[in-house]
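Student: Please take one part of this protein and go through it closely. I am new to this structure, and the largest nonpolar core would suit me.

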Amino acid sequence: MDRLRQLWKRTAAAGLAIALLAVGGCSTNPATGRPQLALISEQQEIQMGLDNDQQVRQQLGLYPDPKLQEYVNRIGQKLAAASERPNLAWTFRVIDDPVVNAFAIPGGHVYVTRGLMTHLTSEAELAGVIGHEIGHVTARHSVTQMSKQELAQIGLLAGAILSPAVADLSNLAAQGLQVLFLKYSRDDERQADQLGLRYMFQQGYDPREMPRVFEVLRRVSAAQGSGRIPGWLSTHPTEEERIRTISGEVARLGGDFSGRTVNRDEYVRTLDNVVFGQNPRDGYFVGSTFVQPELGFQIRFPDGWKTSNERSAVGAISPNQDAAVMVSLSDQSSPQAAAQRFFAQQGVQSGQEVQVSPNGLTAVSRVFGIQGSSVDYQGIASFVEHNGKVYQILGFTGTQSWQRYEEVLSGTIATFGPVRDRRALEVQPKRIAVVSLPGEMTLRDFAQRHPSTVDLQTLAIVNEAEASTRFPPGAVVKRVVGGELPTLSAAAPP
Ligand SMILES: [Zn+2]
């Protein structure tokens, strides 16, 4: 939570620096050759990139698989070396995140998520995605865009710095980091698609694989329903539009593509054993109960509240979005020290002590008040010791609705406690398992013969197929294994 806020502050400071430097004149855009208003120098862009890259790696975490990292980096370096900015210190990394996403930051740092990796089926598709992100960097989209977006955030931040609890609430509402990136204009996206196609084509890849990426995105998007999808999906032109546009571009390239690189099997094989979907080791929900198996704690949020598990905090917001409970780790060594630190913050008022002792754990709990810029908040701050760590649990609401929520908030805090069920602690993630088919079969047959722990629709999406698609003998097909969660009763407090 704190680190998220720091990143937010830091990138906003960079935005301010850009605004001050905006007097700089026009330069030529490296990718398009057209003049462009350059807000920062290349040297500044590179420095900003290094700072932000470090933050991204810390905040989002790299997927711990050196072979997969190497594979993605190798393809990225090849594409970037032939781009208009070959001399940037390009990096290409796989982020340990289940969301289907890819993004780039200034200076030449490109990230793809493991979620994206597990949904693609060829190296040529991956080259298309990476090429698109390289395009944002070579055309310097991110530079101009980050400055615009961050300037807009400064207003929001003034409030955030004032009151940490409000910042946490807005962070939770914004669902973490992804919102920071990828607010490009549609024209920028179209240009990045074109550049991506150009780069992958130049490296000998089959350009017909590029529209397939958008088809995957379209299906992932449709399967998730109306819910917003961060990054790639939410800010780009519709997938239908992109498929049309890029298919047109591919047709214009003309000629025979049959000898070009696709590398389907090789790509799919690199995905063997890669974690698929949410990793329950990062914490998981069974109903409204959250279980953190690595730290060995659980907490039950009120039914019907919207829950969110971020890297550094877990929390829930009431249906009216007027109350929240958040759990995070304190860096203090005792509940007393953590409480002291919390109440020493500017603008935080300490109220009466409350007797909340979650599951008999040592705790210090107090009522607190915070003067926000528009609303005043009231809540309970509980500092609980468990397994040698100190947790900060905040339950808060607007002062107006304190009476209405007080009992729910303290009741929720009281459900915090150790996980006693071994199965709940030993939970493992789902993983991709690659199968080479012994004979011809449809995907439906395959799902029967080699059962997966995801439904047929999901299996069809990750294999870019339909249930009725016939695979030839020897085809490599993905299945998804493991990752079953314990039942609710097993995870419920004893
Ligand atoms: Zn893009």
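Tutor: Start with the contacts: among those in the protein with a separation of 6 or more, 69% are between residues 24 or more positions apart. The model is a predicted one. The protein has 494 residues, of which 43% count as buried, and its secondary structure comprises 18 helices and 21 strands.

Now to the core itself. The largest nonpolar core holds 63 residues, and the members that touch the most other members are Leu 79, Val 112, Ala 127, Ile 130 and Met 200. Helix H5, residues 123-138, supplies seven residues, the largest share of this core. Because domain 1 (2-265) and domain 3 (429-491) both give residues to the core, it lies between them.

Val 112 can be followed further. Leaving aside residues up to four places away in sequence, Val 112 touches Val 72, Val 94, Ala 102, Met 117, Val 129 and Ile 130.

A separate core has 41 residues, including Ile 370, Tyr 377, Tyr 391 and Ile 413.

Back at H5, there is a helix pair to look at. Helix H3 covers residues 66-81, and its axis and that of H5 come within 10 Å, crossing at roughly 55 degrees. H3 is therefore oblique to H5. The crossing in which H3 passes H5 is right-handed. On the H3 side the contact is made by Ile 75, Gly 76, Leu 79 and Ala 80. On the H5 side it is made by Glu 123, Leu 126, Ala 127, Ile 130, Gly 131 and Ile 134.

Technical notes. Residues numbered from 1 in each chain as written. Predicted model: local features only at pLDDT ≥ 70, side-chain atom pairs only at ≥ 80, totals over all residues. Core = buried A, V, L, I, M, F, W, Y, C linked by C-beta atoms within 7 Å. Buried ≥ 20, exposed ≤ 12 C-beta atoms within 10 Å, placed from the backbone. Helix = DSSP H or I, 4+ residues; strand = E, 2+ residues; numbered from the N terminus. Domains from an automatic or database assignment. Contact = placed C-beta atoms within 7 Å. Axes fitted to C-alpha atoms, helices over the stretch in contact; angles between N-to-C directions. Parallel < 35°, antiparallel > 145°, perpendicular 65-115°, else oblique. Left-handed = near helix turned anticlockwise from the far one by under 90°.
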